[in-house]
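Colleague: I have a structure to learn from. Can we go through it in short steps?

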Amino acid sequence: MKNPNENCATLIFPAVNQTAVEYLKAARDRGEQVVCAASVANDEIAAEGGELHRLPSIYDEDFARSFLSLVGEQSICRLFCPVSTVYAFMAQFISAHRLEIKLIGQSPVRQQIEQYRQLKMRARRLLPLVELCAEGTPTLSLLEVGGILRQASLIYGESNDDKLAAMMGVSSSAPAGDVVEIGSLMGRSAFVLLFLAWRHGIGPVLTIDPWRAADCIQRESPDALQTVTDEWDYEILSEGFMVNMVPFRTDDHAHLRLTSEEAFNVYAREEPILSSMGRPIAYSGKIAVIHIDGNHDYDCVKKDCELWLGRILPGAWLILDDYIWAHGDGPFRAGNELLHDQPDRVERAFVCGKALFVKLRY
Ligand SMILES: C[S@@+](CC[C@H](N)C(=O)[O-])C[C@H]1O[C@@H](n2cnc3c(N)ncnc32)[C@H](O)[C@@H]1O
């Protein structure tokens, strides 16, 4: 079927901010014709190679003539307006001049309101799960759950909402001790653990990830997964992680760019480990919460459990990621061995968001 808008263009006006640049890139990707206009020059639009048509300010008496002439010359039939005041002005302008121009989407302010509503709905859906996992211990408020979800969503990662909610819940009953994460990628779950460790006064956080291609190979998984890890730039992952952690209490967190096994040797020395700010972080050598999310091959997960679970405090939580996993059964087998071979260690266990959560007696 022929698209009636095929021969007309979208005007981005005013093309002055990041939202405009993002729209420009996405529109080009989908083959949409785009024209950019603004009253002031914009370096980011220029960097994207977007020609910028100059229009007077909307308050200028020449605005209407210039705008209508651009609309005619460029066959404009849609308007993307990433600034709230201009959006409101243009909505009236289009109506007053009876223009056949579709204003795309809602105003930036309305979008923010809508996003906030959606976030609150997400938090409201998850709060009962957080409370269920907390089993009666005082836990987070609705706004805290929303805040964690929002920040976590800004960080690339592989932990879903349900898993994060269960992490939020169980951490309220964790004893005081070290919080350890094996496998951090760009820091989505690390951020959540950092917040929870601070919120519940659990203890310092140690994250571990070698960000090294050789360690990421999932030998037991299908080829499709290998090609995904081939795409990574490991220096970007490492730097991206550090950037993502900057706003979140880096004074009580250290990272070891090592494999889990190498990091355990450092941790077992029970000497302070330097944070990214160069501050010595004193770990107790006793673990209150551990998130195992490194290499998912059976031998690796098994080794992670053997090494690190020897340092577990009574009542500590093990979070074994991808216990239910489409690409292999390493975590499933290692998790089941713990549950079946050492049942006396297990105080409580459940699966949530594909991860296995186990409260250990010792
Ligand atoms: C599934 S991702 C972690 C996702 C992260 N926890 C999140 O929620 O976004 C797995 C990570 O484990 C790391 N990794 C691979 N082998 C490892 C090992 N032997 N020790 C520690 N980390 C490892 C990889 O570099 C990768 O960043």
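Colleague: Let's start in the core. Which residues of β6 are buried on each of its two faces?

Modeller: Keep in mind that this is a predicted model. Both faces of β6 are covered. On one side, Val 179 and Glu 181 are buried. On the other, the buried residues are Asp 178, Val 180 and Ile 182.

Colleague: Why is strand β6 largely enclosed by the rest of the structure?

Modeller: Strand β6 spans residues 178–182. A residue is buried if 20 or more other C-beta atoms lie within 10 Å of its own. β6 is largely enclosed because the buried count is five of the five residues.

Colleague: Which residues stand opposite Ile 182 in β11 and in β7?

Modeller: β6 runs parallel to β11, residues 287–292, and five bridges join them. β6 also pairs with β7, residues 205–208, in the parallel sense over four bridges. In β11, Ile 182 faces Ile 292. In β7, the bridge partner of Ile 182 is Ile 208.

Colleague: What is the hand of the crossover from β6 to β7?

Modeller: Follow the chain from β6. The path goes through α8 and then reaches β7. This β-α-β crossover is right-handed.

Colleague: Now the ligand. Which helices each supply at least two residues of the shell around the ligand?

Modeller: The ligand is surrounded by 21 residues. The closest are Gly 157, Gly 183, Ser 189, Gly 294 and Asn 295. Two helices each give at least two residues to this shell: α8 (188–199) and α9 (213–216).

Colleague: How many residues of that shell are nonpolar, polar and charged?

Modeller: Sort the shell residues by side-chain class. Five are charged. The others split into seven nonpolar and nine polar.

Colleague: Which residues of helix α7 are buried?

Modeller: α7 covers residues 161–171 and is mostly covered. Nine of its 11 residues are buried. The buried residues are Lys 163, Leu 164, Ala 165, Ala 166, Met 167, Met 168, Gly 169, Val 170 and Ser 171.

Colleague: Let's look at Thr 259. Is Thr 259 buried or exposed?

Modeller: Thr 259 is in the loop between β8 (253–256) and α12 (260–268). Count its C-beta neighbours inside 10 Å: there are 21. The cut-off is 20 or more. Therefore Thr 259 counts as buried.

Colleague: Which residues does Thr 259 touch, not counting residues up to four places away in sequence?

Modeller: Distance along the chain can mislead here. Thr 259 and Pro 210 are 49 residues apart along the chain, but their C-alpha atoms are separated by 5.2 Å. Leaving out residues up to four places away, Thr 259 touches Pro 210 and Asp 215.

Colleague: And Leu 339? What class of exposure does Leu 339 have?

Modeller: Leu 339 sits in helix α14, residues 330–341. Beyond its neighbours within four places in sequence, Leu 339 contacts Val 346 and Ala 349. Inside 10 Å, Leu 339 has 14 C-beta neighbours, so this residue counts as partly exposed.

Colleague: How far apart are the centres of domain 1 and domain 2?

Modeller: The domain assignment gives domain 1 as 9–105 and domain 2 as 112–360. The centres are taken over C-alpha atoms. They are separated by 44 Å.

Colleague: Which strands are the edges of the open sheet of five strands?

Modeller: The strand order is β3-β2-β1-β4-β5, with parallel pairing. Inside this order, β1 (9–12) and β4 (76–80) are joined by four bridges, and Ile 12 stands opposite Phe 80. An edge strand pairs on one side only. The edges are β3 (52–54) and β5 (102–103).

Colleague: Now the backbone. Which peptide bond is cis, with omega near -5°?

Modeller: Most peptide bonds are trans. The cis bond leads into Pro 14, in the loop between β1 and α1 (18–29). This bond runs from Phe 13 to Pro 14.

Colleague: Last one. Is Arg 98 buried or exposed?

Modeller: Arg 98 lies in the loop between α4 (84–96) and β5. Arg 98 has a positive phi of about 45°, although it is not a glycine. The exposed class needs 12 or fewer other C-beta atoms within 10 Å. Arg 98 has 6, so this residue is exposed.

Key:
Residues are numbered from 1 along each chain as its sequence is written. This is a predicted model: local features need pLDDT of at least 70, side-chain atom pairs count only at pLDDT 80 or more; totals for chains, interfaces and linings use all residues. A residue is near a molecule or strand if its C-beta atom, placed from the backbone, lies within 6 Å of it. Ala, Val, Leu, Ile, Met, Phe, Trp, Tyr, Cys and Pro count as nonpolar, Asp, Glu, Lys and Arg as charged, and the others, Gly among them, as polar. Two strands pair if DSSP finds at least two bridges between them. A crossover is right-handed if, with the strands pointing away from the viewer, the path from the first strand over the helix to the second runs clockwise. Domain bounds come from an automatic or database domain assignment. Two residues are in contact if their C-beta atoms, placed from the backbone, lie within 7 Å.
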